[in-house]
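Got your viewer open? Load the model shown here and follow along; each stop tells you what to select and what to look for.

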Amino acid sequence: MKVAIVHYWLVNMRGGEKVLEALLDMFPQADIYTHVYVPEAISEKIRSHRVFTTKISKLPMAAKFYQKYMPLMPDALKELDLSDYDLIISSESGPAKGVVPNPDAFHLCYCHSPMRYLWDMYHEYFRTASGFVRFFMKKLVPSLRLWDVMSANLVDCFVANSHYVAKRINRYYNRPAEIVYPPVAIEKFATIQRNPKDYYLFFGQLVGYKRADLALEACVRSGRKLVVVGEGGSAQERKKYESSGLVSFAGRVTHQQLEEYMGGAKALLFPGVEDFGIIPVEANAAGCPVIAYRKGGAIDSIKEGVTGIFFDEQTPESLIQAMTRFESLPPETFADRSKFAAHVAQFSQAAFTAKIQRLVDERKRR
């Protein structure tokens, strides 16, 4: 088969790019199509493939302001000639699925998330945007939503990275989706030695939707220690929490340092809502339990009472109650690493590859 993988943009290495790498392992001769490509920010594995860009890459400062050009991306996708390819895999989080395949090709869309700025997070983006941006959002979003729904008709098979995303695909596109969890490098964390100490861990960028504020407030109010790994947030906010004597900000850390923090944490706090959330799986692979808000991808990635527990309201009070409940459990509740290993096996790259290959093979047999 001739294979084309259409990825929204290649400007950094995050979860979507890790999925792309796993797809390239499956299809080593695949060509890559994307709107914007910054080679120096991308892994050698991706750079080793032929990468083609749309006309968006030729626009002024596209490498930095690519998202500002989103209204032009649907038209740019339509100009891509993919008529020679037998299998097209679109990696969708920004505009990617709107390519036009030949009639005999199989178009599989791995949807990390329907575009949140068009759908479920539209009002949040609108509230925080400048007046200039809000003006254009009002003008452009209705037509972009229409294109987004219509382009779903060009997809033969939707694949979602969680049940949470599958529900949104069904809501916005009226299409069912197969569930294939993204590949997580669980083997990198499986050898971490657990020696829990007197602190909780928050790991992630200090941006709004991650809800680091909940973890910070809950720990400070309840007199619990918290280590925050990740960048972002204002210096003034960090100083305020550090003055409590309970919070320490580690910033960006090496993998070895992260291993130490996961090995020593009582539990990872995961108070945000994410489409999937790789961090809880990495923590579980290290044998570290997770206390998570009961919504989003965490419902798939955490097994309650085996690899973690949930809290039901996105408030400091609810998180404090969960930490108190967690501390009241018998020590052996989360001591069996074999239970953690059995749970996280479904998130391995091998599991991802097997499920994607099954979907492709089923299409071949038709």
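A residue counts as buried here when its relative accessible area is under 20%. Keep that cut-off at hand, and bear in mind that this is a predicted model.

**Stop 1: the whole chain**

Start with everything on screen as a C-alpha trace. Viewed along the principal axes, the C-alpha atoms fill a box of roughly 60 × 50 × 40 Å. For 366 residues a compact globule would have a radius of gyration near 21 Å, and since the chain has 21 Å, the two agree. Switch to cartoon and you should be able to count 15 helices and 13 strands. Of the 366 residues, 52% count as buried. If you like contact maps, restrict yours to contacts with a separation of 6 or more: residues 24 or more positions apart account for 62% of these.

**Stop 2: the seven-stranded sheet**

Now show the open sheet of 7 strands, which pair in parallel in the order β3-β2-β1-β4-β5-β6-β7. Select 51–53 (β3) and 178–179 (β7) to find the edges; each has a single partner strand, so one side of each is left without a neighbour in the sheet.

**Stop 3: strand β4**

Select residues 87–92, strand β4. Which residues of β4 are buried on one side, and which on the other? L87, I89 and S91 are buried on one side, and I88, S90 and E92 are buried on the other, so both faces are covered by the under 20% criterion. That makes 6 of 6 residues in β4 buried.

Next, bring in the two neighbours:

- Select 3–7 for β1, which pairs with β4 in the parallel sense over 5 bridges. Look for I5, whose bridge partner in β4 is I89.
- Select 106–111 for β5, which runs parallel to β4 and is joined to it by 6 bridges. I88 has H107 as its bridge partner, and S91 stands opposite Y110.

**Stop 4: helix α7 and the residue after it**

Keep the sheet on screen and add 163–173, helix α7. This helix lies across β4, β5, β6 (157–160) and β7, and it runs at about 140° to β6. Show side chains for Y164, V165, A166, R168, I169, Y172 and Y173, which are buried. The elements covering these buried residues include β4, β5, β6 and β7, along with α6 (131–151).

Then step off the end of the helix to N174. Is N174 buried or exposed? Its relative accessibility is 64%, so N174 counts as exposed. You will find N174 in the loop between α7 and β7, with a positive phi of about 55° just after α7. For a sense of scale, draw a distance from the C-alpha of N174 to that of T307: these atoms are separated by 33 Å, and the residues are 133 apart along the chain.

**Stop 5: helices α15 and α1**

Select 349–365, helix α15, which also lies across β4, β5, β6 and β7, running at about 155° to β5. Add 15–26, helix α1: α1 and α15 pack at an angle of about 65°, with their axes 10 Å apart. The crossing is right-handed. To see the contact in sticks, select V19, A22, L23, D25 and M26 in α1, which meet Q349, F352, T353, I356 and Q357 in α15. Colour them by class and you get 6 nonpolar, 3 polar and 1 charged.

**Stop 6: helices α11 and α14**

Another helix pair to pull up is α11 (278–285) with α14 (337–344). Here the angle is about 145° and the axes are 8 Å apart. V281, N284 and A285 in α11 meet R337, F340, H343 and V344 in α14. By class, this contact has 4 nonpolar, 2 polar and 1 charged residues.

**Stop 7: strand β10**

Finish with residues 247–251, strand β10, where the side chains alternate. V247, F249 and G251 point to one face and are buried, while S248 and A250 point to the other and are not. Add 226–229 to see β9, which runs parallel to β10 and is joined to it by 4 bridges. One of the residues to label is V229, whose bridge partner in β10 is G251.

Conventions:
Residues are numbered from 1 along each chain as its sequence is written. This is a predicted model: local features need pLDDT of at least 70, side-chain atom pairs count only at pLDDT 80 or more; totals for chains, interfaces and linings use all residues. Side-chain values use heavy atoms; hydrogens and water are left out. Two strands pair if DSSP finds at least two bridges between them. Helices (H or I, at least four residues) and strands (E, at least two) are DSSP runs, numbered from the N terminus. Contact means heavy atoms within 4.5 Å. Axes are lines fitted to C-alpha atoms, for helices over the stretch in contact, and angles run from 0 to 180 degrees between N-to-C directions. A crossing is left-handed if the near helix is turned anticlockwise from the far one by less than a right angle, and right-handed if clockwise. Ala, Val, Leu, Ile, Met, Phe, Trp, Tyr, Cys and Pro count as nonpolar, Asp, Glu, Lys and Arg as charged, and the others, Gly among them, as polar. The radius of gyration is taken over C-alpha atoms; the globule rule is 2.2 Å times the number of residues to the power 0.38. Buried means under 20% relative accessible area, exposed over 50%, partly exposed in between (1.4 Å probe, protein chains only).
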